[in-house]
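Student: I have a two-part model to go through. Can we check the labels against their definitions?

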Amino acid sequence: MIALLRSEWRKMTTIKLGWGMLLGAMALAALGVVAQIASNGSPGTGVPPLTNPDTQKAIAASASSAYLFSVVVGIIMITTEFRHFTSRPTFLIEPRRGRVIVAKILVAALVGVIYGIVCVALTAAIMIPWFGAKGVTIGWIDSGVLQSLLSALVVIALFAVVGIGVGVLVRNQIAAVIGTLVYLFVLEPLITIIPVVKNVYPYLPGAAAAAITGANRSSGLAHLDALHGGLVLLGWGLLFAVAGWMFTIRRDIP
Amino acid sequence: MSTDKPAVEGRIVASGLTKVFGQIKAVDDLSFSVEPGSVTGFLGPNGAGKTTTLRMILGLAEATSGTGTISGVTYAQLPHPGRTVGAVLEATSFHPGRSARNHLRVFCVAAGLPDKRADEVLDWVGLTQAATYSVRGFSLGMRQRLALATALLGNPRVLLLDEPANGLDPEGIAWLRGLLRRFADVDGRTVLVSSHVLSEVEQTVDRVVIIAKGRLIYEGRLADLEGSSSGVVVRSPTPDELSAALAPLNVKITPRPDGSVAVIGATPEAVGRAAWEGRVELHELRAGSSSLEETFLRLTADPSATSEASA
């Protein structure tokens, strides 16, 4: 297993994909944080000022938007093997295909954690001088800002695992990436409108992610607590991976 | 299904291999064996089922029925498949953005091999100069060499190569021939090399397995295939009398489109003497010009013309 993990890590570090996606993740996280800070506390908008603990937490949690890139990295980590047929040498050297998938999940989790750390650190690096310049104290512990940053890290990391799951199930790279993005940004928000499915909404991937950071706590929708949100999101990733193993990976390798 | 051949280290055995895609039988009850210490050509026209067969033996595709074994076990049951079997499959399997050396190192570590092995095989296939370049810029010939390098990483005793000569220049083909011969003759490895062109492997292989439309057409020594092909073309106004006169020779007589017959299993001298002794009038008597390639084409064009394996 150690050999497989090292092999998967090498696959990741010997192409440019990971670095490019990390830059994208950083840009998205920074954009979210900057937009949040800039729009908050301006006079006359009725928006609570930066000193508000909830505002501070929301700003910290907005780093989680970088999950967009971690989920895509996860998807590409697996689908690129089928696209370029490196699946052949991979599964020739390790014919026990489930072990390869487990190695990919673990390496994706590590990649996701690295993305999370970088994006969260970037967020803090933006917040500290900006708040400092405005003379606002950041409530790292008291207001729960640190916790929000950590929750953003967890969301980013878990979505990399979800990406592997989706990629295992849907081997076509373009279909997997587009399908996932359409689901997360179009379909799932639409689902919240339908009254009947509101009960299952908390258990959907996007809602679970929002539960981790607490982003949907004030939305009026039912939501899970952070821990259960995390477990549900991880569960989605593993569910996809198991489904993919059953329906795709066990079949003929292209 | 079990194989009736004993498990020999390095022997490849296909036993009743069948692969059905929807309505199409890509491989149909195919059985053959490939021995260690020999180079075996796996021949057939495009679409005959060669790649599918190799993929089933390698466990990448699941057989609808039948088994493929290496050293008596299925691919997945091999203790160290990456260090036992090396395979080159038709399309090249590289990430375009990864360098040749990194490509090999990815699989070195997966197979439990030291990284320096990557440089060794790059040197073997003559790609040392290109080691740090992305595969994106590689020519087809370079990709074939890198695919071969990947197959050789684990110093395997069994090699399965699917159309390895594709894209190689004549120099590269000569080099490949030498390499394959050395593997079989010096190292005693098992080498199975597929091709849709007999002449490509004619000078390299000891034995051939010929398939068409997923079925076995011929399995045996190349030399025997050659012997069976060199017929004698005879034209006579009285073909029935000719057949009677040739009966004692125990030959196979098949009509040709131009009215003459092809006599297989006798020399022109023997045919001429038999005709003279039987007082049969001949208008033409010559050695058949059928080359090995023609024989191959004839065999593969008509799957029902199954020839007995003589090995």
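Tutor: Here are short questions and answers on the interface and a surface patch. This is a predicted model, where local features need pLDDT of at least 70, side-chain atom pairs count only at pLDDT 80 or more, and totals for chains, interfaces and linings use all residues. Residues are numbered from 1 along each chain, chains are lettered from A in the order written, and side-chain values use heavy atoms, without hydrogens and water.

Student: Why is A:Val186 called partly exposed?

Tutor: Its relative accessibility is 43%. Buried means under 20%, exposed over 50%, partly exposed in between (1.4 Å probe, protein chains only). So A:Val186 counts as partly exposed. A:Val186 lies in helix H8 (residues 173–191) of chain A. It also helps make a nonpolar surface patch of about 950 Å², with A:Phe185 and A:Leu187 among the other members.

Student: What makes B:Lys19 and A:Asp252 a salt bridge?

Tutor: The rule asks for a side-chain nitrogen of Lys or Arg within 4 Å of a carboxyl oxygen of Asp or Glu. Here the closest N and O atoms are 2.6 Å apart, so the pair fits the definition. The count between chain B and chain A is two salt bridges.

Student: How is the area buried between chain B and chain A defined, and what is its value?

Tutor: Buried area is the accessible area (1.4 Å probe) that two parts lose on being put together, summed over both. The value is about 2400 Å², and carbon and sulfur atoms give 62% of it. In chain B, B:Leu60, B:Phe107 and B:Val109 lose the most area to chain A, together 25% of what that side buries.

Note on methods. Patch = residues over 30% accessible without salt bridge, like charges linked within 9 Å, V, L, I, M, F, W, Y side chains within 5 Å. Areas by Shrake-Rupley, 256 points an atom, 1.4 Å probe, with all protein chains shown as cover. Helix = DSSP H or I, 4+ residues; strand = E, 2+ residues; numbered from the N terminus.
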